[in-house]
Amino acid sequence: MPALSMFFGIIVRMQSEKGGKHNKPHIHALYGDEEVVMGIDGEILEGILPNKQMKLLIAWMAIHEDELRANWELLSNGEGYFKIEPLH
């Protein structure tokens, strides 16, 4: 699963899941042993991160929503992906 971005210990990954269990554009974010699966629309599909990291992730996703959607389309079409700027 490609890593799109990494910031403040959070690793954001995405993969195409045509017919997968989540059935919507989403990311997987890992922080230590914790993982959350979030729709690009901000809906939590599975899991949770600590509160501080969730706030950072939600802010990053809001800033980069268009890039996340573009990456979802690329991955869904088997065309690869591009990195997204981390939070600083």
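## Strands β3 and β4

Let's start inside the sheet: H26 has G39 as its bridge partner in β4. That pair belongs to a set of six bridges joining β3 to β4 (residues 34–39), and the two strands run antiparallel. Keep in mind that this is a predicted model.

On the helix side of things, α1 packs on the sheet and touches β1, β2, β3, β4 and β5. The direction of α1 makes about 30 degrees with that of β4.

## The sheet as a whole

Zooming out, five strands make up an open sheet, ordered β1-β2-β3-β4-β5, with antiparallel pairing. The edges are taken by β1 and β5 (44–47), each of which has a single partner strand, so one side of each has no neighbour in the sheet. Ignoring direction, neighbouring strands here are turned by 20 degrees against each other on average.

As a general reminder, strands of a sheet pair through backbone hydrogen bonds, in either a parallel or an antiparallel way.

## The β1–β2 hairpin

Strand β1 covers residues 3–7, and four of its five residues are buried, so "mostly covered" is a fair label given that buried means under 20% relative accessible area. Four bridges tie β1 to β2 (residues 10–13), again antiparallel. Two of the pairings can be named: M6 has I11 as its bridge partner in β2, and F7 has I10.

What sits between the two strands of this hairpin? There are two residues between β1 and β2, and F8 in the turn has a positive phi of about 50 degrees.

## Two faces of β2

Which side chains of β2 are buried, and which are not? I10 and V12 point to one face and are buried, whereas I11 and R13 point to the other face and are not. The general pattern behind this is that side chains in a regular strand alternate between the two faces of the sheet.

On its other flank, so to speak, β2 pairs with β3 (residues 26–31) in the antiparallel sense over four bridges. V12, one of the buried residues of β2, stands opposite A29 in β3.

## The helix pair

Now for the helices. Helix α1 spans residues 51–63 and helix α2 spans residues 65–76. They pack at an angle of about 75 degrees, and their axes are 4 Å apart. That angle makes α1 roughly perpendicular to α2, because 65 to 115 degrees counts as roughly perpendicular.

Which residues meet where the helices touch? From α1 come W60, M61, A62 and I63, and from α2 come E65, E67 and L68. By character, the residues of this contact divide into five nonpolar, two charged and no polar.

## The whole chain

Overall, the chain holds two helices and five strands. Reading from the N terminus, the elements run β-β-β-β-β-α-α. Of the 88 residues, 38% are buried. Looking at contacts between residues at least 6 apart in sequence, 36% join residues at least 24 apart.

How does the radius of gyration stack up against that of a compact globule? For 88 residues a compact globule would come out near 12 Å, and the chain has 12 Å, so the two agree. The C-alpha trace spans about 35 × 25 × 20 Å along its principal axes.

Conventions:
Residues are numbered from 1 along each chain as its sequence is written. This is a predicted model: local features need pLDDT of at least 70, side-chain atom pairs count only at pLDDT 80 or more; totals for chains, interfaces and linings use all residues. Side-chain values use heavy atoms; hydrogens and water are left out. Axes are lines fitted to C-alpha atoms, for helices over the stretch in contact, and angles run from 0 to 180 degrees between N-to-C directions. Angles under 35 degrees count as roughly parallel, over 145 as roughly antiparallel, 65 to 115 as roughly perpendicular and the rest as oblique. Contact means heavy atoms within 4.5 Å. Ala, Val, Leu, Ile, Met, Phe, Trp, Tyr, Cys and Pro count as nonpolar, Asp, Glu, Lys and Arg as charged, and the others, Gly among them, as polar. Buried means under 20% relative accessible area, exposed over 50%, partly exposed in between (1.4 Å probe, protein chains only). Two strands pair if DSSP finds at least two bridges between them. The radius of gyration is taken over C-alpha atoms; the globule rule is 2.2 Å times the number of residues to the power 0.38.
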